[in-house]
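Reader: I'm new to this structure and would like to learn how to read the places where its parts meet. Could you take me through them step by step?

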Amino acid sequence: MIALRLVRLLVVLLVVTFLSFLLLSLLPGDPTTQILGLSASEEAREQLRRELNLDDPLFTRYLSWLGGLATGDLGASYTTSVPVTEALAERLPVTLELLIAAQLVALGLAVPIGVAAARRAGRPLDQALTALSFGLLSTPVFVLGVLLILVFAVKLQVLPATGWTSISVDLGWNLTSVLLPAITLGCAQTAVYARLLRTDLIATLQEDYITLARARGLSPRRILWRHALRPSAISLITAIGLNLGALIGGAVIIETLFGLPGVGRLIVESIFARDYLTVQGGVVLISVGYVLVNFAVDLVYVAVDPRIRRA
Amino acid sequence: MAGSGNAHLRPPGEVVLRVEDLVVEFPAGRGRSVHAVSGVSFDVARGETLGIVGESGCGKSTTARALMQMPPPLRGSVRLDGLELTALRGEALRRTRRRLQMIFQDPISSLNPRRRVRDIVAEGPRVWGAGADRVDEMLTAVGLDPATAATRRPHEFSGGQCQRVSIARALVLDPEIVICDEPVSALDVSVQAQILALLEELKERYRLTLVFIAHDLAVVKNVSDRILVMYLGKVCELASGDALVERPAHPYTRALLASIPRGGLGLPPADQLISGEPPSPVTPPSGCRFRTRCPAATPLCAAEEPVMRRIGTDHWVACHHPQETGEILKPVEAPQVARAPEAAFPQPAEEAEDARVPKSPKVPKVPKVR
Amino acid sequence: MRRRLGWSFWLALGWITLILAAAATADLLPLPRYDETLVGPPQAGPGPDHPFGTDGLGRDVLSRVVYGARVSLIVGIGAVLLGVLFGAPLGVLAGYRRRATDAVIMGVNDIALAFPALVFALAVVAFAGASLLNVLIVLGVLGVPAWVRLVRGATMVFSEREFVAAARVLGARDRTVLWREVVPNVSLPVLSYAFIGMAVAIVAEGSLAFLGLSVQAPTPTWGGLINEGRPLMEDAPHVVLIPSFVMFLTVLAFNLIGDRLRALTDVRQSNLEPVRRRQADRLPARPHHVEEDVLLQVADLRTHFTTARGAVRAVDGVSFTLQRGRTLAIVGESGSGKSMLIRSVLGLTPEAGTRRGGRVYLDGQDLTELDDEQMRHILGTRMAAVFQDPMTALNPVRTIGTQVMEPLMVHLGMKRKAARARAAELLASVGIPEPARILRRYPHQLSGGMRQRVTIAMALSCGPDILFADEPTTALDVTVQDQVLRLIRRQREERHMAVVLVSHDLSVVAEWSDEVIVMYAGKVVERGPADSLFERTRMPYTEALLRAVPKLTDPAHHPLRLLPGRPPDLAHPPSGCAFHPRCPYARERCSQEEPPLFQAETLDHLYACWYPVGTGAGVVETSPELSGASGTAEALKAAEEAAELEEAAEAAEVVAEAAAELETTDVIEGADSRGR
C-alpha cells in the first residue's frame, strides 16, 4: 500500500516536472535578459548561457536537474542566486499559515451553519442560511477581498490592508496580518463546505439508524453530534483535501491582494523573470503537496468511515 | 451438498438449454477470488420451467448472468440448442443474445427513466431492424394499454406495471428462453400474484421456456416444473416441485423448507436442521459446502465432495447422507429394495450409504410405498 | 421535468439573458465607447448621464461593464464547452468500459490534476499572449480533468443500472447502448454542472484578469475593472463595487440555474414527502374509553401529512390494545400505513408537515401528553424498536460496542466498564458467539443475521416492556428469518414483554403472532386473534391477500386467486371503503359509505366490511329484506363503534345474521360454494 503510493508519487513527480520543464522551455526569452538587462551584447548572453548550461539540449538539462533533485539540490535562482530550496523554505510557511488559518475560519463557520441548516431543513433559518451560502459561493474571492479591505482597512481601519509580519518577529502582528486574508479565503470556502455538510447531514438524518437512535431515547444533540456528523463528513473531507491540494500554489490571488510573500507569488514572479529553476522548485513542491494531501485525505477517510478500509 | 457431477443431465437431444460445470469467480483483492458459482450443471427442456432457488450468495443470479454471457463464465459450457455460447464472442454473441432474454428483479431500475414505455418495448425490434408490429400486441398481452404506453415514462407506472413492461420487452423478440431473475421479489403480495399469473399465461400462449430464479420456494414451486436448489455456488438437489416439498432429501433443502413459516410439512424445527452462518464464498469449505452447518455432517463430507445421484424418479441429490425419500427405486439390474418410511433425523451415515442407487438414465417409474 | 424549477430559476435565467443580450448588442446600444476617456468628469458617481458613474479616466463604467461581459461570457461558456467536448467522451468511455480503459484515463487524469494550474496558465499566456482565445483555451483545458471525473462518475452510476444490462440482453451494440441508454441519463447532470462550471470559469477568468493575465487593456474585463478600481476605493468606491456586483449577480445566476437543474435529477423525490413544517397542530381525538389492565392502548391514532400531492392520511383512526407476553402483528401491503403506525405510536414521525391525533396509553399513562424529554425516557427504557434492514439500522462508523453500550450508559447510568460487560452479556443472550470480539467490530464486518441480532440486543438492553419490530426479517434469508423470529419469541417469553410485529408476510404473521391487525390505506380493516382471523376471515381484502400468496402445499402451476389492481394512492384514496375498487364483492354502498368495525362471532375479532366474507351478508342482494333480528352482545358492541345511528342499526343486523349463519359452516368453503 505504502510502496504503491510511493511509486505513484514518483510517477506523478516525473511526469509533472518534465512537462513543466518542457512548457517553460517553450517560453520566449530567457533568464539572460533578466540578469544582464536588455542592453547586453549577444556574446555576453551566449557566455552566460554556457555558464548556466542553458545551451544544453532540453533532455540533458532535465536529467541533470533531476540528478540534483535526487540529492535535494534544486539549484539556485538565476536572478538572485538564492538556492531554490531556501527561497521556497522562506515562502512556504506564509502559504501554509494562510491555508491553515483559512481552513479554521471556513470550518468554524461551515460546521455550525451546515448543522443548523440541516436540523431545520426547509424552514426559514435553513432557507436564510442556504441563501447566505449561495451568495458567498457566488462571490469571487478577489471581490470579497476587495470588499473586506474596503470595510476593515479603509473605512474602519482596524486591520492592515496589506503586508506580512513573520511569526518569528511578532506573534500579535503576525496574527493581525493573516486575519483578513484568512477570513477572505475562509469565507469563500465556507459556502462550499456548509452546503456539502448540509446535504449529507440531511441524508444521514433520514437513515434508519438515526430513527432508531431516537427510538432508543437519545437526545437530539447527542444524535446529531455523536451519530450523524461523522458519517456525513466524507464529502466535506474530500472538499478540504481538494482545496488544500489546489491552494498550495494557487492562493496567489489572496497573496497578491494582501501583499503576502507566499509560494504562489514566488512562482508568478519567477515565471515573469524566466527563473526556470525556481519555478521548477515550486512545481515540485506543489505536486508533492498535492499527492501528500491526497494521501492524508485517504487516511482521514479510513478514520472517519471504517467501511473504506480497503480499495 | 454442494455437489458437482452431471448425472442429472438429460440427453442433449431432449433439452433446449444445457449448462455443464459452470464456474464463475470474481476477484476479491489480494489475489483471492469469490467462488460465486462452482461447477453448476443443469438443463432445461423446451416448454419447461426450471426453478432455481437458494438464499443470498448461493450464486443463482450469477448463474443467470453467466447464461447470458454477461460476463461469460470462467469455465464450463452453456449450450443453446447445441450451440456453445461460451465460445461466441463479439458479433456472433450479440446475434445470439436475442434468443435468450432476461427479466430483472428491480422493475424500476431495469427501465430507462428517460424513455417512453412503448419505446422501451420497441427497442428490441429496432435493434434487429424488425418492424414494431408486435410491440402493441405484446403490450396488450401483458395487460398494458399501448396508447398510454406511447406517451408515458416508467416513473408514471407502478412497480407491477413496470415489471409488465420488462416482460413485454423480453418477449417481443420471441426468445427461446426467458430467464427471470427474482422477477417478483420487489413486489407487493397482490401484485406478485398478478405477475406470476401473467407469466404462466404468457408461457402457455407463446410456449415459452423459462428459467425462474427466486429465493421464495413457494413462489418457485408455483411456476416451476423442476426445481434446482443451490447453496454457496453448488447444486444441492434437483426434483419436481412436489417431490422436493414432499420428500426433500438434501439437509439444506430440508432446512430451507422447515424455515418457511406455516410450511406445514411435518419437518423438525429449522433450528435443528441448520446452524450458524453461511461460510465466506472466498474460502468455501472443502468437500460438501454445506457441511459446516449440517447436523448430519461426517468426516466423509469434509474429505469428499458429493456428486449428484438419483434417489427417485427425476429426483437428484448431491449429498453423502441424504434423507430417505420413501420412494422405491428400481435400478435396472438391482433387486427392488423396500425403504423404511421417514427415517429419523439425523440420518446415520451407514444407513444413508446404502441408499445409493446405481446411476441409470432410464429407470421405470415405480409407485412409492408409504 | 417542468416541475418546481421555482421563481429563482426564471429570475436567474432572465438576468443571464439580459447580460447576454447586452453583451451581444453592445455596439448598437447608445453607450459611449468603453475606451473613450473623459466622456464625463473622472470618478463621478452614478448619475443620469452615466448610470454607473465614471472611472478614474472619466470612462463610462456602464459601457465598460457591458463590454467586459463579452469577455466573461465568452470565456465562461466557451471554456465549459471545451471542457465538456474533451472531458465528457473520455469520462463516458472510462465509466462505461471500466478496467484498463478506466485505469489509463484516470491515471492520466490524476497526473493532470497534480500539475499546477497556475504554472500552466501563466506559461501559456506568457508564451502565446493573453488573447481572448488563449484564455478560453487555458481555462477549458484546465477544466477537462474535472469533467472526466464527473462524467465518469455519472456514467458508472447508470451503467450499473439494470436497464443497461437489459439493452445488452436485447442484443444492442455497445455504441447503441451508450447513445440511447447511458448518454441521455448522464446529460442532465452534465447540463446542471455545465452551468456551475460556467460560474467557476467566469470567476477564474476574473481572477486571471485581476492578476493582469487575461485579455489585455484596453479591452475591459470584469476582473480588470475591479483591479483598476482598487486604488480609488476610498474616493470612488462605485468603480469597484459596481463591476463586483454585476459579476456577483452573474455568477450567482449561473450557480442557481445549475443548482435547480441538479435538484431535478434527484430521483428520491416521489412527491409524497412531507412538505414544509407546520407546527404540529393536533388532530382532535374522538372520545374513547381508557382500558385498564392493558399494557398498551392505542386509541384513534391518526397521522396525516401534507405533501406536494395533497394531504395523505398515512394512519387514520387506528385503535388497539396489547397485553404483556403477547405478540401483535400488523400486516398490510406497501402504503398501508403499517410502518407509520408504529412510528406514530413511538412518537417518531417526521416532524415536518405531520399532524398527529389520538392517544397512546402505556400502563394507563398517556404518552401523547409527554414532552420530548419525558418521552425519551420512555423510549429508552420501556419501548424499544427494531427495523427492517439491519444494514441501515446500525451506525456504520461506530463500533458495535459503542452502540450497544450507549443506551446502558445514557439510561441506566452505567460506567463504561460495567456497560461493556453488560453489552457482552446481551450479545451472548441473542446468540452471538464471541461477544467480546464482536463488540470491537464495525457493522459492515458482520452478516445481515448477526447485525439484526445486534439491533435486537440493543433494543432489549434496558429491559423494555414492548418491542416494536418493523419488518425485522424482510431483508434476511428465510433460514435466518426463522432464527431471528425464534429469538424474538424466546426473548418475549423470558422477559415477559409484548411484541408488535409489522410484516407484509402473512405466513410469518400466522406463525409468530397471537393477534393480528390488517391495515389498508391507513385504516384497520380487520383485527382479531390470529387463528380466528386466518381461519374465519371476514374482510375480503384479508381473504384476497391470503389467497394471493403461493403455498408450498399447493401443486405446481396451481392458479393463484388474483387480487386485481394495486394498493391505493394515499393522496387520493377511494371514497367509502378504500378497498372497494379492488373488491370482488363490492356494491354501491361500498363506494359511498365507509364501513365501521363490526364485531365477528369470535371475541375481539373485528372487521370493516359491509358485505363480509363467509357470513352470508355477501348474498344479501338475493334477499333485500334482512330479518329484523335483534343484535347479539357483539353486535351491540359493534354498533357502539359505528359513527352514525342508522349505520349502527344496519351493522347490528348484518352481524346478527352473520353470527347465526356461521355456527355451522366452514367459512372458506362456504364462501367458495357461493360461487365467489
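Reader: Which side chains meet in a salt bridge with a separation of 3.4 Å, N to O?

Author: This is a predicted model, so every value here is computed from it. To read a salt bridge, look for a side-chain nitrogen of Lys or Arg within 4 Å of a carboxyl oxygen of Asp or Glu. Here the side chains of C:Arg173 and B:Glu91 pair up in this way, at 3.4 Å from N to O.

Reader: How many salt bridges are there between chain B and chain C?

Author: The count for chain B and chain C is four salt bridges. Polar contacts can be read alongside them: 27 residue pairs are in polar contact across this interface, both residues at pLDDT 80 or more.

Reader: Which elements of chain B should I look at on the side that touches chain C?

Author: Elements that give two or more residues to that side include helix H2 (90–97), strand S6 (100–103) and helix H3 (117–127) of chain B. H7(B) gives the most, with 10 residues. Sorted by class, this side of chain B has 30 nonpolar, 18 polar and 22 charged residues.

Reader: What area do chain B and chain C bury between them?

Author: The general idea first: the size of an interface is often given as the accessible area lost when the parts come together. For chain B and chain C that is about 5300 Å², with 53% of it on carbon and sulfur atoms. Three residues, B:Arg114, B:Val189 and B:Arg262, supply 12% of the area that chain B buries against chain C, more than any other three residues. In terms of residues, the contact takes 70 from chain B and 56 from chain C.

Reader: What does UniProt list for residues 17–257 of chain B?

Author: The unreviewed UniProt entry lists them as "domain: ABC transporter". In the model, this stretch of chain B is 39% helix and 27% strand, and its end C-alpha atoms are 28 Å apart.

Reader: Let's move to another pair. How many residues does the contact take from chain A and from chain C?

Author: The contact takes 67 residues from chain A and 65 residues from chain C. The area buried between these chains is about 5900 Å², and carbon and sulfur atoms give 72% of it. There are three salt bridges between chain A and chain C. The side chains of C:Asp110 and A:Arg8 meet in a salt bridge at 3.0 Å, N to O. On the side of chain A that touches chain C, helix H1 (residues 2–26) of chain A gives the most, with nine residues. By class, that side has 39 nonpolar, 14 polar and 14 charged residues.

Reader: Can I read contacts inside one chain too? Into which domains is chain C divided?

Author: The approach carries over nicely. Chain C is divided into domain 1 (65–266), domain 2 (324–339 + 371–551) and domain 3 (580–658). Domain 2 and domain 3 of chain C bury about 1500 Å² between them, 52% of it on carbon and sulfur atoms. Within domain 2, C:Arg527, C:Arg538 and C:Pro540 lose the most area to domain 3, together 43% of what that side buries.

Reader: How many salt bridges lie across the interface of domain 2 and domain 3 of chain C?

Author: There are four salt bridges across that interface. The side chains of C:Arg582 and C:Glu333 meet in a salt bridge at 3.5 Å, N to O. S10(C) supplies the largest share of the side of domain 2 that touches domain 3, seven residues.

Notes
Residues are numbered from 1 along each chain as its sequence is written. Chains are lettered from A and ligands numbered from 1 in the order in which they are written. Side-chain values use heavy atoms; hydrogens and water are left out. Contact means heavy atoms within 4.5 Å. Buried area is the accessible area (1.4 Å probe) that two parts lose on being put together, summed over both. A polar contact is a pair of N or O atoms within 3.5 Å; within protein, one must be able to donate a hydrogen and the other to accept it, and residues adjacent in sequence count only if both atoms are side-chain atoms. Helices (H or I, at least four residues) and strands (E, at least two) are DSSP runs, numbered from the N terminus. Ala, Val, Leu, Ile, Met, Phe, Trp, Tyr, Cys and Pro count as nonpolar, Asp, Glu, Lys and Arg as charged, and the others, Gly among them, as polar. UniProt positions are given in the numbering used here, feature names are shortened, and annotations may be inferred rather than shown by experiment. Domain bounds come from an automatic or database domain assignment.
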